[in-house]
Amino acid sequence: MPMCAGSLYLAVAREDATGRLAGLVRVVGDGVSISYIQDLLINPDFQKSGLGSHLLDMALEAVGGVRQVYITTDTHPSNQHVIDLYRGRGFNPVEGYGCVTLAKFSFD
């Protein structure tokens with residue numbers, strides 16, 4: 001819950017019948033010069049239903065005036081539909097902008 005409380009934008013979708021979590025999108029950043037779509041999580045039962053597209057569009061609308069918006073995902077072949085979704089919303093690899101993104105992971 002603390003990660004959600006510190007979000008710039010958060011939208012949650014729940015199944016009507018049971019109230020169980022269907023998906024969520026969470027954005028962090030300063031809301032002016034940079035924002036990160038930190039999480040776009042869809043319950044497997046709701047994947048490929050259009051829910052991810054809807055949540056992503058809501059997040060993009062919320063950060064519409066922000067200069068830089070980032071989203072990261074892995075390149076596993078099973079994830080190609082996710083990459084296609086992001087590319088369809090105008091996201092491109094940072095190398096195309098003459099940039100490099102570096103990461104540091106800690107797996108304790």
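**Exercise 1. Classify R26 in this predicted model: is R26 buried or exposed?**

Step 1. Take the relative accessibility of R26, which is 9%.
Step 2. Apply the cut-off: buried means under 20% relative accessible area.
Step 3. R26 therefore counts as buried.

**Exercise 2. Describe the surroundings of R26.**

Step 1. Place the residue. R26 lies in strand 2.
Step 2. Look for polar partners. The R26 side chain makes a polar contact with the side chain of D39, at 2.7 Å.
Step 3. List the touching residues, leaving out those up to four places away in sequence. They are M3, C4, S7, Y9, L10, Y36, I37, Q38 and D39.

**Exercise 3. Work out how strand 2 and strand 3 are joined.**

Step 1. Set the ranges. Strand 2 covers residues 21-29, and strand 3 covers residues 34-42.
Step 2. Count the bridges between them: 7.
Step 3. Assign the direction. The two strands run antiparallel.
Step 4. Find a facing pair. V27 stands opposite I37 in strand 3.

**Exercise 4. Give the strand order of the open sheet and name its edge strands.**

Step 1. The sheet has 4 strands in the order 1-2-3-4. Its pairing is mixed.
Step 2. Check which strands pair on one side only. These are strand 1 (9-14) and strand 4 (68-71), the edge strands.
Step 3. Add the twist. From one strand to the next, it averages 15°.
Step 4. Place the helix. Helix 2 (residues 51-62) lies across strand 1, strand 2, strand 3 and strand 4. Helix 2 runs at about 160° to strand 3.

**Exercise 5. How many aromatic pairs does a search of the whole structure find? Analyse two stacked examples.**

Step 1. The search finds 3 aromatic pairs.
Step 2. Take Y36 and Y70. Their ring centres are 5.4 Å apart and their planes meet at 25°. Planes under 30 degrees apart count as stacked, so this pair is stacked.
Step 3. Locate both rings. Y36 lies in strand 3 and Y70 in strand 4, so the pair ties together parts that are 34 residues apart in sequence.
Step 4. Check accessibility. Y36 counts as partly exposed at 37% relative accessibility. Y70 is also partly exposed, with a relative accessible area of 23%.
Step 5. Take F105 and F107. Their ring centres lie 5.7 Å apart and their planes are at 0°, so this pair is stacked.
Step 6. Check accessibility again. F105 is exposed, and F107 is exposed too.

Notes. Residues are numbered from 1 along each chain as its sequence is written. This is a predicted model: local features need pLDDT of at least 70, side-chain atom pairs count only at pLDDT 80 or more; totals for chains, interfaces and linings use all residues. Side-chain values use heavy atoms; hydrogens and water are left out. Two strands pair if DSSP finds at least two bridges between them. Axes are lines fitted to C-alpha atoms, for helices over the stretch in contact, and angles run from 0 to 180 degrees between N-to-C directions. Contact means heavy atoms within 4.5 Å. Buried means under 20% relative accessible area, exposed over 50%, partly exposed in between (1.4 Å probe, protein chains only). A polar contact is a pair of N or O atoms within 3.5 Å; within protein, one must be able to donate a hydrogen and the other to accept it, and residues adjacent in sequence count only if both atoms are side-chain atoms. Rings of Phe, Tyr and Trp (its six-membered ring) pair if their centres lie within 6.5 Å; planes under 30 degrees apart count as stacked, over 60 as edge-to-face and the rest as tilted.
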